[in-house]
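Please open the model in your viewer and keep the sequence panel beside it. This tour proposes one selection after another and says what you will find at each stop.

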Amino acid sequence: MRLCVLLVLVVLLAGSCSDDAVDDTTTTSAAATTAPVADPPWGLDGIAMPDTTGAVELWFGALPEEISGAQRTLMRGRVEGGIGAEYLQAAGALGTIRATPMEGVNAASGGDFSPYDWLGMMSSDVDIEDSDLDPETDVAWFAGRTEADGVLVFILVWGVPDGGWYFDIVSGTPDGREALVTAFIAAAG
């Protein structure tokens, strides 16, 4: 089972630079309206997470079209029903934000996992910087670094412990990761 989870994690992380772009016809320019929080999870624990396909799609449509000069491209997720937003710069990707339905994870893995279960398994293969993986918390999360395709990446993974979705950010730098989570939180407004 651990090998299956590791394989799915590698596929999800490697897919952060996917070419599976979807039509991006939204023209929002959401700006960060909340003051950034210096420490992980950077304020994720202070917002209500979307937990339906419609809410997730609206949330991703509200992400800014540009972050630090990187342009947004909406894309399909790595499992059925997933969605992502990749931010590309001329020098490469700033990073990716993805929302993944647990229904898709369970279908792909053959398991019956909650976001809490899945985060716990994913965190075992990451150099954890900080985390709150308590099943009684509003939002379980971990921040850390790992390798994807031989490249060091900085990740943040979170979800409502018994919810229907989990979310992740993959970036080549800690600053990129923080910029992406700040944009995700701002899209809540």
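## A glycine in a loop

Begin by selecting Gly 172, which, once its neighbours within four places in sequence are set aside, is in contact with Leu 94, Leu 152 and Phe 154. Bear in mind, here and at every later stop, that you are looking at a predicted model. Gly 172 sits in the loop that runs between β8 and α5, and it counts as partly exposed because its relative accessibility is 44%. If you draw a line from its C-alpha to that of Phe 154, the distance is 6.0 Å, although 18 residues of sequence separate the two.

## The whole chain

Now clear the selection and colour the chain by secondary structure, so that its five helices and eight strands can be picked out. Following the sequence from its start, you should meet them in the pattern α-α-β-β-β-β-α-α-β-β-β-β-α. The chain has 189 residues, of which 47% count as buried, and it exposes about 8,700 Å², with carbon and sulfur atoms supplying 52% of that area. If you consider the contacts between residues at least 6 apart in sequence, 53% of them join residues at least 24 apart.

## The sheet

Select the strands next. In what order do the eight strands stand in the open sheet? Walking across the sheet, you pass β1, β2, β3, β4, β8, β7, β6 and β5, and the pairing is antiparallel. The edges are formed by β1 (residues 66-67) and β5 (residues 127-132), each of which pairs on one side only.

Stay with β4, where eight of the 10 residues are buried, so that the strand is mostly covered. On one hand β4 pairs with β3 in the antiparallel sense over seven bridges, and one place to look is Gly 84, whose bridge partner in β4 is Arg 98. On the other hand β4 pairs with β8, again antiparallel and over seven bridges, and here you can find Thr 96 standing opposite Val 170 of β8.

## A charged pair to look at

Keep the strands in view and show the side chain of Arg 98, which lies in β4. Is Arg 98 buried or exposed? Arg 98 is buried, because its relative accessible area is 2% and the cut-off for buried is under 20%. Add Asp 168, which belongs to strand β8 and is likewise buried, since its relative accessibility is 4%. A polar contact of 2.7 Å joins the side chains of these two residues, Arg 98 and Asp 168.

With Asp 168 still selected, ask the viewer for its surroundings, leaving out residues up to four places away in sequence. Asp 168 then touches Thr 96, Ile 97, Arg 98 and Thr 100, together with Leu 156, Val 157 and Trp 158.

## The nonpolar cores

In soluble globular proteins, nonpolar side chains tend to be buried together. To see this in the model, select Leu 44, Phe 60, Tyr 87, Leu 156, Trp 158 and Phe 184, which have the most contacts inside the largest nonpolar core, a group of 32 residues. Several elements supply at least two residues each to this core, among them α2 (53-61), β3 (83-89), β7 (151-159) and α5 (174-186). The largest share, five residues, comes from α5. Apart from this core lies another one, of 15 residues, and you can locate it by selecting, among others, Met 102, Leu 119, Phe 142 and Ile 155.

Select α5 as a whole before leaving this region. This helix has 13 residues and reaches 18 Å from its first C-alpha to its last, close to the 18 Å expected at 1.5 Å a residue. Its buried residues include Gly 176, Arg 177, Leu 180, Val 181 and Phe 184.

## A last stop at the surface

Finally, select Ala 107, which is found in helix α3, residues 102-109. Ala 107 counts as exposed because its relative accessibility is 66%, and the cut-off for exposed is over 50%. To finish, add Val 79 to the selection: the C-alpha atoms of Ala 107 and Val 79 are 8.6 Å apart in space, while the two residues are 28 residues apart in sequence.

Notes
Residues numbered from 1 in each chain as written. Predicted model: local features only at pLDDT ≥ 70, side-chain atom pairs only at ≥ 80, totals over all residues. Heavy atoms only, no water. Core = buried A, V, L, I, M, F, W, Y, C linked by side-chain atoms within 4.5 Å. Buried < 20%, exposed > 50% of the residue type's maximum accessible area, 1.4 Å probe, protein only. Helix = DSSP H or I, 4+ residues; strand = E, 2+ residues; numbered from the N terminus. Expected span 1.5 Å × (residues − 1). Polar contact = N/O pair within 3.5 Å; in protein donor to acceptor, adjacent residues only side chain to side chain. Pairing = 2+ DSSP bridges. Contact = heavy atoms within 4.5 Å. Areas by Shrake-Rupley, 256 points an atom, 1.4 Å probe, with all protein chains shown as cover.
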